[in-house]
Structure formats: C-alpha cells, structure tokens
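Got a minute to go through a structure together? A student asks, a tutor answers.

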Amino acid sequence: MITFDSVSKRYPDGTVAVDALSLEAPTGEITVLVGPSGCGKTTSLRMINRMIDASEGEILLDGVPVRGIDPPTLRRGIGYVIQQAGLFPHRRIIDNIATVPYLLGWDRKKARATAMELLERVGLDPALAQRYPFQLSGGQQQRVGVARALAADPPVLLMDEPFSAVDPIVRTNLQDELLRLQSELNKTIVFVTHDIDEAIKLGDRVAVLRVGGRLAQVADPKTLLSEPADDFVREFLGQDRGIRRLRFISADGLRLRTDLTVPEGSDGGTSEPWLLVVDADDRPLGWRPGAEPGRLEPFGTYAHRGDTMRAALDAALLSPSGCAVAVDEQGKVVGVATRQALDEALTEAADG
Amino acid sequence: MNWLISFLDWLREFFGDPENWTGSDGIPMRLLEHLEFSALALVLAVLIAVPLGLLVGHTGRGELLVVVSANLARALPTLGLLVMFVLLLGASSIWPVIIPLVLLSVPPILVNTYEGVKGVDPELRDAAYGMGLRGEQVLWRVLVPVALPLILLGCRLSAIQVVATTTVAAYTGLGGLGRYVIDGFATKDYASVVGGSVLIVLFALVVQVLFALVQRVTVSPGVSRRLKVR
Ligand SMILES: Nc1ncnc2c1ncn2[C@@H]1O[C@H](COP(=O)(O)OP(=O)(O)OP(=O)(O)O)[C@@H](O)[C@H]1O
Ligand SMILES: [Mg+2]
C-alpha cells in the first residue's frame, strides 16, 4: 500500500503543486489520479519514486517512508511508465525491457528470457525483440514501456498518462490490455490521467484533484458518478455522467423475451411490429418489420453474461427496432430486451 | 588546358622522383611525421574536450565557460599562436606546434560533445533516472551512446582541421608534409608545392574515411537509424 500523509510540494519558484494531500493506494488495486491540467498529478506521482522530493509530509510504501530509501534503489523496485515511453533508442527492444534486471545484476540469459516472456505478455510479436525503438509504432512502443516497467516484477507500478499519445482505438486496446494484465498480476498501480473516462474505466479507486494540488474526492468510480462531492467534481465528470453510470449496472437483470425470434424462412403472420430472424444455429440475422416482411433491418447485440446496461442500451440504439439482442458466448440468441424491459431497468437504475 | 598539363607535370615530377621516396625528407618519413603531429594533437584535444564536454553537458554546470572559451579559441589565429609559442618555448621541441594545434581542435569537440549530451531528449533522461540508473550510469549507458554521432562529428571536424593546419609545423623547421609546401615556395620548386598539397588533401580524405568507419562501428543502428528491418 502507498500512503500519502499530508504531503505538500512547493517548487523553488513558490508554486504549490500539491497541497496537504492525504491518500491511500491500496495493494493490488488501480488508483487513478485525475484532474485538470496543472493540478499536480505528475508531481504527486513522481514523489512516490522520489523523482521529486516532497516539501512536507511523508509518503509511505507499505509503512516505510520513501524519504529514507536511496532513490535509485527505490526506483528499481517500482515500475515507471511515462507518456512517450522513453525507450532507449540505442538498445534493441529486448534489452530495453531488460533494463532493470541488468541493473539488478541478473544473469544476462535470465534477464533476456524474462524480457521475451514479457514481450508476449503485453501482446507483442516476439519477432520485435531484435528491433530498435524507432522501428515500432507509438502503440507498440508504449507496450514495450509497460513491459520494461514490469521486467523485475516490482509490486508497484506508476503510470503517467501512458496512453494519451496514441490514437483512440489503440488507446482502448491498451486500456483493455492493462486491465487484463492487472487481473493476472495484481500490482499496486497508481495511474495518472486527465481523461475522466479513462479514470472511470481503469480505476478501482479514483482520486479527483483540483488545481492547487488539493484532493476533491476519492471514491470508487460508481460512487464518484452517483455521488459527486461538490460542483467541481460534478462539472469535471461532465454532462453524460448518468449514461456512464450505466457501465456499472449489470445487464443481467434485464427481462428478456424469447417469443420474438423466428427461424429463417418462416413467414408466418404476427401482430408484433418486429421479429428477430435467426439462422439454424440461433445466430441473429436481422429484424423483420411486421409491415414489410421481405426486409431485414440491422440489429445490435450484447453479452447476456458480463455486459453492462450501457452495452445493452447501445445495442438497442443500433437497431430501428429499439430492442437489444442478448447473446451467449457462442453468439446464440438468448432473448430480446425490448424497450419496456430497458425502460424498467433504467427506472430502477435512476432510483439508485 | 595549360594549367592542367603543368599540374600533371608537377605531379609527375614530384612523385616520379625516386629521391622523394627515401631518406629523412622522403614522402614516407614526412607522412609519418604529419601523422604523428596531428594524431598527438588530436588525442590530447579529445582527452581534454570530451570529458569536459560530458561533464558540463551532464551536470549543466559551467555552460557559460564552455561557450565563451570555445568562441575565444575559435577566434585565435593559428599562425600567431604558433609564432608566440615558438618565441616562448624555442623551436627545438614539437610543443610550440602541438599546443596551438590542440587549442585549435578543442573547441569543435568540446562544443559538439556538450551540445550532444545536453540535447538528449529530456524524456529519455527522465526515463533513465526513473528506471533507477545512477547519475554516471545515465551518462555512460544512455547519454553517451545517444550523443555519440555529435561527439564523433566534433572529433572529425577537429581532425580535418588539424591535418590541414599541421602544415604550419613546417614554419618552425619541424617536419611533416608542410615542409614540401613551405620549402617549395622558398625555392620556387612548384612541383614540391603541388605534390605536398595533394598529399595533404589525400591524407585528409583518408581521415574522413576512417571516421566514417569508426562511426559505423560505434554508433548504434537504433541511433543512426541506418538499418534494414529484420
Ligand atoms: N519544476 C517545476 N518548477 C515550478 N513549477 C512546476 C514545476 N513542475 C511543475 N510545476 C507546476 O506545478 C503544478 C503542477 O504540475 P504537474 O506537472 O504536477 O501537473 P499535472 O497535473 O501533471 O498537469 P498535466 O495534466 O498538464 O500533466 C503546475 O502549476 C506546474 O506549472
Ligand atoms: Mg502531468
């Protein structure tokens, strides 16, 4: 666990970047620091590995003040990922990843074997090992940055806007990968971002900072969205805070109808305005309008087990029928959530 | 085309004369002397300028000193320096020649080394410290390899300059290829002047090639970005 005990940082020019910050980053969880530009996120993060020294207060790593640890020794035990990856251009990817193991005096063979393992673990082709950083895309470099931070298996990982310099699709991939990695590794991660959506997606706990380096609120994402502490947090969360809350409500509870699916080829009359046509394997093919039985309209699906209300609503909005199709792991139709069913669930969500 | 013909005649006369290939004033001996003076001056300059440039570039201390002294040294007239040192130290040793040559070749190396180290992407430096490298590890394992092309550039500029300027060694009565030029002028032996000049140019070319090879071997392909993807 990382503990900030009323930590302040005053730069020599008088700027107070962090003001009496008290915060805990629990072991094995992702704690996100989020806030507007200049609110002291980077400063707070860098005080943990002593890239910056606190002016007042104490930062504890599992109860031990970092102040008393020799900085290079401290840093070798803490993974650090920065925005532009900061890979060493003169070293091959494999040696970049093995930087800290080399520093720790590991046997070269073992260090390289670990590096190769990590390369795959972060989703990169092992063939990239012999390349130099300039031969990699920004997203690949960022993955290498993560692998390098993990190489010596440190219990703590500090990440400063690691995904903000890549395009949105790559960013989404990297975020998903991080969550997958974390589910395997259970590191204590402190993650800095100015993107509230990223914070909510990744954080077990989200700490919102305001300019001047003061903590506005720290809570799990769901609580943050439903109970913002004040106007600053509310405003920072943005307009569609209600929609985003749906991400935390499971779609499991949706009432499903199973009487709206028909096999391909059957054209029996019905009083329903829409019928879902499925193939022989129960996979959806499209919505057939009752008024115009010859046509098939697009459909949207969500995973019956595991997806959230947000995904279900999204699926409903993708189809002119206004219904969301619940599918199982094989993509077979489980049932259909109609507008009424969605409406009931949304009403429930709004009530708390 | 007359000039070309007389140029070739001079070359034939100079290089064709077996006298010019033997003895203490033969071409091999003069080449060796030239090599000795320039190499000595360059090695001394590198030994002074590279550590100083690394130190200032890495610590950021003494930057003004580097810039001012480098510019001052550039403004010094080589010939004037040479005469001054000969007057001070006498013409009996090689030092009145070596010292001005060193003074001349320190600035390009110093400035390029300093700029090379200082110019390394701050993010990269930051990442190096963040990984847990200590100050001197950051310098040797990251800053020097990344700044190496510039450091070598400084050395190459100095080397060319030194090779060309070692000619002035002849003024003090010392050897080197400059002898052919200076003595040739004095005795109106233009074959000697032209032949000596050509030798100096060839020498400089060889030095260029040598540095290109050193650069190829020592600079990481990741830095020079000269690479076929494997
Ligand atoms: N070395 C420094 N000297 C003086 N002031 C600084 C220094 N570094 C940062 N600051 C100031 O401290 C405050 C916090 O900076 P910090 O970099 O921690 O912000 P941040 O939250 O990471 O911002 P961003 O989202 O833009 O990265 C800012 O006002 C900044 O100008
Ligand atoms: Mg920042």
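What follows is a short exchange about one arginine and the chain that holds it.

Tutor: This is a predicted model, where local features need pLDDT of at least 70, side-chain atom pairs count only at pLDDT 80 or more, and totals for chains, interfaces and linings use all residues. Residues are numbered from 1 along each chain as its sequence is written, chains are lettered from A and ligands numbered from 1 in the order in which they are written, and side-chain values use heavy atoms, with hydrogens and water left out.

Student: Which helix does Arg76(A) lie in?

Tutor: Helices here are DSSP runs of H or I, at least four residues, numbered from the N terminus. The run to look at covers residues 71-76 of chain A, so by that numbering Arg76(A) sits in helix α2.

Student: Arg76(A) has no salt bridge, so which side chain of opposite charge is nearest, going by Lys and Arg as positive and Asp and Glu as negative?

Tutor: A salt bridge needs a side-chain nitrogen of Lys or Arg within 4 Å of a carboxyl oxygen of Asp or Glu. Arg76(A) is buried (under 20% relative accessible area, 1.4 Å probe, protein chains only). The nearest candidate is 6.9 Å away: Asp70(A).

Student: Which residue's backbone oxygen lies 2.8 Å from a polar atom of the Arg76(A) side chain?

Tutor: Start from the contacts (heavy atoms within 4.5 Å). Arg76(A) touches Val100(A), Leu103(A) and Leu104(A), and in chain B its partners include Met131(B) and Arg134(B). The backbone oxygen at 2.8 Å belongs to Gly132(B).

Student: What share of chain A counts as buried?

Tutor: Chain A has 352 residues, with 13 helices and 16 strands. The buried share is 49%.

Definitions and conventions
Helices (H or I, at least four residues) and strands (E, at least two) are DSSP runs, numbered from the N terminus. Buried means under 20% relative accessible area, exposed over 50%, partly exposed in between (1.4 Å probe, protein chains only). Lys and Arg count as positive and Asp and Glu as negative; His and the chain ends are not counted. A polar contact is a pair of N or O atoms within 3.5 Å; within protein, one must be able to donate a hydrogen and the other to accept it, and residues adjacent in sequence count only if both atoms are side-chain atoms. Lists of a residue's contacts leave out its neighbours within four places in sequence.
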